Amino acid sequence: EEEFKWLLREEVHSVLKQLQDILKEASQRFALPTSSSGGAVKQENFVLSTSGTDQVKGVLTLQGDALCQADINLKMPRNNQLLHFAFREDKQWKLQQIQDARNHVNQAIYLLMNRDVNYQFKTGLEVLKLMDAVMLQLSRARNRLTTPATLTLPEIASSGLTKMFTPALPPDILVNFYINLNKLCLTVYQLHVLQPSTTKNFKPAGGSILHNPGAMFEFGNQRYEVSHVHKVECVVPWLNNALVFFTVSLQLCQQLKDKISVFSSYWNYGPH
């Protein structure tokens, strides 16, 4: 029993402190300026291209959770014509996934800070509940990065992203940006218009992270089919770090839960 009391009094707090330190590191990876530091977040450039084929090349500038510049070159397979479009000067594109992941991390930190060093845990159950709450936030943070949104093609076509470019995107091009694990991904869809005579087999595609050639959809009274898909990506090192921090934190939480559970079951069934 003394040992269990010691665990609740000392060890739990040492683990909570460790967790806080790791998660503060993770939170800083999603670097957004705090009002105190006042400094702007550094901009990072990423070149997204496929080796061998230079069909698509994107240069993206990421600043915290915002794409502040995007420069895309696309070689059209039909006629080898080169298209170039870039974000308008006044536009930024928020990456909701990064924003959400950061919010979940901060929520986990908040839960931990609520139980400061002077807080006395009375029961093992109380610690288990706290660990579950923290793990839920961390799992959500991780899932936001590992599971991009599934979108239908009309949703991609009507997203604000299509209005960000100059020159404007041609009607037969769609683009989408998302985070997948530690990568920043750019997908470019080339479309062709389905003639009214060919639409008897028309079957609109559902939601997906990545649509394949042959996917059909209707938008603005016009029916389209995806003819080519180009996906290029690039690893973002700090996202990689953040994911490692999530994994380590989740393991720490689980280890503490296991310890508490062993003691609790011993007290429930063991000597009294």
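Buried means under 20% relative accessible area, exposed over 50%, and partly exposed in between, with a 1.4 Å probe and protein chains only. The model is predicted, so local features need pLDDT of at least 70 and side-chain atom pairs count only at pLDDT 80 or more, while totals for chains, interfaces and linings use all residues. Residues are numbered from 1 along each chain as its sequence is written, and side-chain values use heavy atoms, with hydrogens and water left out.

**Exercise 1. Two rings**

Task: Classify Y119 and F121 as buried, partly exposed or exposed, and state what kind of pair the rings form.

Solution.
- Step 1. Y119 has a relative accessible area of 27%, so Y119 is partly exposed.
- Step 2. F121 has a relative accessible area of 7%, so F121 is buried.
- Step 3. Rings of Phe, Tyr and Trp (its six-membered ring) pair if their centres lie within 6.5 Å; planes under 30 degrees apart count as stacked, over 60 as edge-to-face and the rest as tilted.
- Step 4. For Y119 and F121 the centres are 5.0 Å apart and the planes stand at 75 degrees, so this pair is edge-to-face.

**Exercise 2. Other aromatic pairs**

Task: Find how many aromatic pairs the structure holds, and describe the pair of F4 and F263.

Solution.
- Step 1. There are 6 aromatic pairs in the structure.
- Step 2. The ring centres of F4 and F263 are 5.2 Å apart with planes at 20 degrees, so the pair is stacked.
- Step 3. Helices (H or I, at least four residues) and strands (E, at least two) are DSSP runs, numbered from the N terminus.
- Step 4. F4 belongs to helix α1 and F263 to helix α5 (residues 237-269), so the pair ties together parts that are 259 residues apart in sequence.
- Step 5. Both F4 and F263 are buried.
- Step 6. Ring pairs also join F85, F87, F165 and F177 into a cluster.

**Exercise 3. Directions of three helices**

Task: Decide whether α1 and α2 are roughly parallel or antiparallel, then do the same for α1 with α3 and for α2 with α3.

Solution.
- Step 1. Axes are lines fitted to C-alpha atoms, for helices over the stretch in contact, and angles run from 0 to 180 degrees between N-to-C directions.
- Step 2. Angles under 35 degrees count as roughly parallel, over 145 as roughly antiparallel, 65 to 115 as roughly perpendicular and the rest as oblique.
- Step 3. Helix α1 (residues 2-29) packs with helix α2 (residues 96-113) at about 155 degrees, the axes being 10 Å apart. α1 is therefore roughly antiparallel to α2.
- Step 4. Between α1 and helix α3 (residues 124-146) the angle is about 15 degrees and the axes are 11 Å apart. α1 is therefore roughly parallel to α3.
- Step 5. The axes of α2 and α3 cross at roughly 165 degrees and come within 8 Å. α2 is therefore roughly antiparallel to α3.

**Exercise 4. What the helices touch with**

Task: List the residues of α1 and α3 that meet, and sort the contact by class.

Solution.
- Step 1. Contact means heavy atoms within 4.5 Å.
- Step 2. From α1, the residues F4, L8, V12, L16, L19 and L23 meet G124, V127, L130, M131 and L138 of α3.
- Step 3. Ala, Val, Leu, Ile, Met, Phe, Trp, Tyr, Cys and Pro count as nonpolar, Asp, Glu, Lys and Arg as charged, and the others, Gly among them, as polar.
- Step 4. The contact of α1 with α3 thus has 10 nonpolar, 1 polar and no charged residues.

**Exercise 5. Three buried residues**

Task: Place G124, V232 and Q190 in their elements, and state which residues G124 and V232 touch.

Solution.
- Step 1. G124 is in helix α3, and its relative accessible area of 5% makes it buried.
- Step 2. Neighbours within four places in sequence aside, G124 is in contact with F4, L8 and I260.
- Step 3. V232 lies in strand β10 (residues 222-235) and is buried at 2% relative accessible area.
- Step 4. Not counting residues up to four places away in sequence, V232 touches L48, S49, T50, V56, L184, C185 and L186.
- Step 5. Q190 sits in strand β8 (residues 183-193) and is buried, with a relative accessible area of 1%.
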